[in-house]
Structure formats: structure tokens, C-alpha cells
Amino acid sequence: MSLRKAAVKTSTIIIIALVLIVIAAIAGYYAGAAVAPAAPTTPPPKPQLIIYHWWTAGGEKEAIDAVFDVFKKANPEIEIVENPVAGGAGAVMKAVIWGLLASGTPPDTFQVHAGGELKEYVDAGYLDIVDSVWEELGLEDVIPETLQAMCKFEGHYYAVPINVHRSNVLWYNPKIFDELGIIDKFGDPRTWDLDTFIEVARYIKENKPDVAPIAIASRNKWPLTHLFEVLLVLRGGPEVYAKFWTGMFDYKNPADPVWVAVKDVLKALAIMAKEGLFNANHPELTWDQAAALVYQGKAAMYVHGDWVAGYFMSVGAKYGEEWSAAPFPKAVFILLSDSFNMPKNAPHPDAVKAWLKAVGSSEGQEKFNLIKGSIPARVDVAPAYPDPYRPETADDFKKSTLVPSAVHGGISKEAFVTEMHNIVTSLVTSAATGADIDTLVDASTTQIMQAIDRTGLPDFWKGYTIDYFITKR
Ligand code: GAL
């Protein structure tokens with residue numbers, strides 16, 4: 001073979017080889033692509049609403065579910081992540097929320113009482129302003145001024161209220177009352193004073209020894225302080241009440257008139273405990289279990305908030321037969337309002353806005369309050385109440401003097417109210433064991449004085465005057 005021929009042959013082989021290599025590479029590439037797993041494509045996360053509340057008892061649960069339905073209808077794409085924390089009045093939930101906020105993992109929204117309780121979160125810098133929701137829903141035109149003031153701090157709204165509850169109501173068993181002729185003998189409970197209340201309880205004990213005259217529940221302590229707050233209004237009137245719970249009085253002076261009323265109420269509670277006017281099993285009971293005693297005829301009376309109406313309706317107890325209610329006293333309305341908010345850095349701010357709109361909507365408020373036992377925060381919503389109790393409440397809300405509840409976050413400081421739970425509970429417990437009443441009352445008074453100091457109560461409302469807390473009528 002000539003040298004030239006050999007060179008041509010070699011280069012042909014090289015070219016063929018190169019072409020084969022290129023073909024193999026391309027085939028390999030496509031073959032590889034065909035078997036490689038598909039690049040992971042994560043679907044967009046489903047929007048959520050992470051919400052905390054404490055409505056787990058009868059009436060409460062059904063009421064919040066009704067608002068969830070309103071929300072879901074308008075926002076079917078948002079998943080509700082519900083975190084119900086059992087314990088009436090937020091007895092357990094509040095600590096959980098403070099922990100979440102402090103650790104920088106806030107939920108999207110949580111139940112909070114308008115007033116002092118809301119202010120504590122605002123002061124701590126945990127909440128966002130929700131003025132835009134108020135504006136969009138035109139809430140200033142339909143929410144009464146007293147309630148507006150309880151949601152507004154330093155000129156901004158921090159929550160949307162869903163209802164107005166009344167804390168001072170006397171729930172009673174009408175059969176027992178009729179049988180003993182209580183109203184004929186003692187008059188309308190709407191006008192009773194503290195002494196009459198004790199007299200009635202004694203009368204019931206005497207004439208029906210197997211019935212507890214007054215139901216109470218102290219498992220979570222707060223229902224006892226609740227009784228204290230109502231009796232303080234009954235004994236001292238709205239001004240004394242407001243001064244006491246805000247610390248706006250000469251609290252270091254034992255002769256101050258506020259102390260006179262407070263001591264009378266402590267004494268009344270100690271007498272009731274010592275004379276066996278309460279159900280003996282109260283340390284085991286929650287608020288709804290104490291309410292049950294009334295409709296079951298095991299107790300005659302219960303001083304508690306009007307979520308009791310929601311509870312009675314949820315168990316099918318019949319108004320007028322198994323339960324009746326009287327504002328106690330009628331002239332004063334101790335109010336509280338459940339509301340929702342938007343924590344700073346809420347994970348789903350759009351969902352929160354949608355939620356607050358459901359909370360503030362006419363439909364949301366109508367459905368919720370029908371079941372809950374409260375009246376709407378909006379005055380333009382007038383549900384067709386199934387019970388005669390609520391129309392009276394709605395009317396009184398316009399006509400009675402209003403003061404916010406202390407036990408339900410309206411007027412006081414949480415740390416002080418917590419101290420009161422312990423002081424009142426130990427007073428009642430010790431009195432029941434037969435301890436001397438005057439000694440107990442003096443000891444409790446000293447403890448309360450110290451608690452006012454220790455918790456810095458008088459500084460909590462710095463810049464406010466007593467008029468802020470009282471809507472006089
Ligand atoms: C209150 C709350 C009411 C009711 C009650 C018992 O603090 O405002 O809505 O639920 O506790 O749980």
C-alpha cells in the first residue's frame with residue numbers, strides 16, 4: 001500500500017470513530033435524561049389560618065364553629081388550623097400564648113379580651129395595628145364607643161370584637177324559686193342587695209337542705225373571683241368597683257371607702273363558705289359543671305357570666321322551667337368582649353385579615369352570638385334570640401351603667417387578678433374549715449394590699465382617669 005493510501009485510510013477510521021463517539025454521547029445523554037427522576041416540584045403550600053381559642057365547653061364550641069363556617073364559605077382555599085386550649089376564661093391558654101409570642105413563633109390570631117388584657121399584649125409590642133379592617137368594615141359606625149375604647153390604644157385598633165358578654169347575672173332554678181316563693185318573699189333579684197342575697201341563700205338552706213343555695217366552681221379558681229367581682233358591684237357600686245380593680249384609690253389607707261366595700265364582700269364570701277351555702281364539691285367543678293347543678297335542681301342560684309345561657313341552650317335545658325336569669329344588679333352592666341387580633345410576624349397575614357373580616361361581619365356576629373349567650377358587638381345586628389334573656393341584655397347594654405369585667409380581661413392587670421384568684425380561693429377554703437371570719441378577712445385584705453403593690457397595679461393604667469372605665473347612665 002502506498003504511503004498516501006495508508007494516510008487516507010487512517011484518517012477515515014479516525015473520522016468514523018469520532019462520529020461514533022459523538023452519536024454515543026448524544027444517545028447516552030438522552031437515555032440518561034429519560035431515566036433521571038423528575039426535578040422535584042413542590043406544590044405551593046395551602047394557605048392556613050393558625051388560630052388559638054379556649055372555647056371547648058357546651059355552647060362555646062358550637063358558637064366558634066359557626067364563625068368557622070362563615071369564614072370557610074368566603075375562603076374555601078384556607079385551611080383552619082384550630083388550637084382549642086380547654087380552660088374557661090383562658091385559664092390555661094393565656095400562658096401558652098405568652099410562651100409562643102415570647103419565643104417568636106406567634107400564631108396567626110388568638111382570642112383575647114378587649115380592655116386591659118389586650119393592652120398587655122400591645123404594651124409588650126406583640127400585636128399589629130388592625131385599623132384597616134375597622135375602616136374596611138366601617139366598624140366605627142356600628143361598634144359602641146365604650147367598646148371602641150377597649151380595642152384602641154395610643155390611637156390605633158389592635159383587635160376586632162365579636163361580642164359583648166355580661167358578667168353579672170343571677171342564674172336560678174325557677175321551680176325551686178316558685179316552690180319556696182322566693183320572689184314574693186324577697187322581691188325581684190334584679191334589685192337585691194348583698195344582704196338580701198345572703199338572706200335568700202340561708203332561707204333556701206333552711207327550707208330545702210338537700211339543695212345547694214349557691215353553686216360555685218373553684219377547680220380553675222377564677223369563677224370564685226368572678227363571684228367576688230359581681231358582689232363588689234352589688235355592694236360598692238360601679239365607682240368603688242372601678243377604683244379597686246385599677247388600684248386608683250388610697251390603697252395604703254385601710255380606712256379608704258373602697259376597702260370598706262371590699263371587706264364586706266370578703267366577709268360575705270367567708271360567711272357563705274362557713275355556713276355551707278355553697279355546693280360542697282366546688283373544688284372539683286368547672287364553670288359549666290356548676291351551671292349544670294342549677295338546671296338539674298341540685299343548686300338554686302349561680303352568679304356567673306352569660307355564656308351560661310349558651311351552655312344551657314347547648315344541653316337543651318328549658319328556659320322558664322329549668323333555668324331563669326336576672327341581671328344582678330340590673331342597674332349596672334359588667335361587660336366583657338371577646339376579640340381577635342393579628343400578632344406581629346403572623347405566618348399568614350392575608351388569612352388573618354380574612355378572619356378578622358369574618359369576625360367583624362354581620363353574618364359572623366349573628367351566627368356566633370345566637371349560640372354563645374352574648375349579644376353582638378355590632379349594634380346593627382339583632383339576632384332573633386330563642387330566649388327572653390338576651391333582649392333584656394341588649395336593652396340594658398344601652399341603658400345601664402357599664403364597667404368592664406376584671407376577671408375577663410377588661411379593667412385590671414392579669415398579674416393582680418391572678419393573685420386575687422389565690423386570695424379569694426384560700427379565704428373560702430379556710431372559712432369552710434371553720435376559721436374565724438374576721439381574722440380571715442383581715443388577712444385577705446393585707447394580702448390584697450400587698451398584691452396591689454407587688455404587681456404594680458396602679459401604674460398599669462398610668463395616664464387614664466377613672467372616667468375612662470365607667471359609662472354612666
Ligand atoms: C370568658 C369568655 C367567654 C366564655 C368564658 C368561659 O372569659 O370571654 O366567652 O367563654 O370565659 O370560658
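**Helix packing, cavities and pockets**

In this predicted model, the buried residues of helix α3 pack against four elements: β1 (48–53), β3 (109–113), α4 (116–123) and α17 (414–432). The helix itself spans residues 93–102, and its buried residues are Met93, Lys94, Ile97, Leu100 and Leu101. These sit on the same side of α3, because the arc they cover around the axis is only 125 degrees. Turn to the face pointing away from that buried side, and the exposed residues Ala95 and Ala102 come into view. After α3 comes Gly104, with a positive phi near 75 degrees.

Two of the elements just met, α3 and α17, turn up again around the largest pocket. This pocket holds about 270 Å³ of space. Its lining counts 20 residues, and closest to the pocket centre are Ala91, Lys94, Glu414, Thr418 and His421. Lys94 is thus both one of the buried residues of α3 and one of the residues closest to the centre of the largest pocket. Two or more lining residues come from each of α3, α4 and α17, with α17 giving the most, at four residues. The lining is a mixed bag by class: eight nonpolar, seven polar and five charged residues. Both domains take part here, as domain 1 (48–165 + 336–398) and domain 2 (169–335 + 404–468) each provide at least three residues of the lining.

The second largest pocket comes in at about 210 Å³. Its lining is made up of Ile375, Pro376, Ala377, Arg378, Val379, Val381, Ala382, Pro383, Tyr385, Ala394, Phe397 and Lys398. β14 (375–376) and α16 (389–399) supply at least two of these residues each, and α16 has the largest share, with three. In terms of class, 10 of the lining residues are nonpolar and two are charged, with no polar ones.

Next, the closed spaces. Searching the whole structure turns up two cavities of 30 Å³ or more. The largest has about 90 Å³ of space and a lining of 15 residues, with Trp54, Trp55, Glu60, Ala89 and Trp307 nearest its centre. Seven nonpolar, five polar and three charged residues make up that lining. The largest cavity lies between domain 1 and domain 2, because both of them give residues to its lining.

Trp307 also belongs to helix α13, where the buried residues are Trp307, Val308, Ala309, Gly310, Tyr311 and Phe312. Since six of the eight residues of α13 (residues 307–314) are buried, this helix is largely enclosed by the rest of the structure. Gly316 follows α13, and its phi is positive, near 75 degrees.

The second largest cavity offers about 40 Å³ of space. Around it are Ile214, Ala215, Ile216, Pro223, Leu227, Tyr302, Val303 and His304. β9 (212–215), α10 (222–246) and β10 (299–304) are the elements that give two or more residues to this lining, and the largest share, three residues, is from β10. Seven of the lining residues count as nonpolar and one as polar, with no charged residues.

Ile216, one of the residues lining the second largest cavity, is also touched by His282. This histidine is found in the loop between α11 (257–274) and α12 (287–295). His282 has a relative accessible area of 11%, so it counts as buried, the cut-off being under 20%. Leaving aside residues up to four places away in sequence, His282 touches Ile216, Ala217, Ser218, Arg219 and Val428.

Definitions and conventions:
Residues numbered from 1 in each chain as written. Predicted model: local features only at pLDDT ≥ 70, side-chain atom pairs only at ≥ 80, totals over all residues. Heavy atoms only, no water. 1 Å grid on protein atoms, 1.4 Å probe; cavity = no way out; pocket = protein on both sides within 12 Å on 5 of 7 lines; lining within 4 Å. Points joined across faces, edges and corners; volume = space filled by probe spheres on them. Nonpolar A, V, L, I, M, F, W, Y, C, P; charged D, E, K, R; others polar. Domains from an automatic or database assignment. Buried < 20%, exposed > 50% of the residue type's maximum accessible area, 1.4 Å probe, protein only. Arc of directions from axis to C-beta. Contact = heavy atoms within 4.5 Å.
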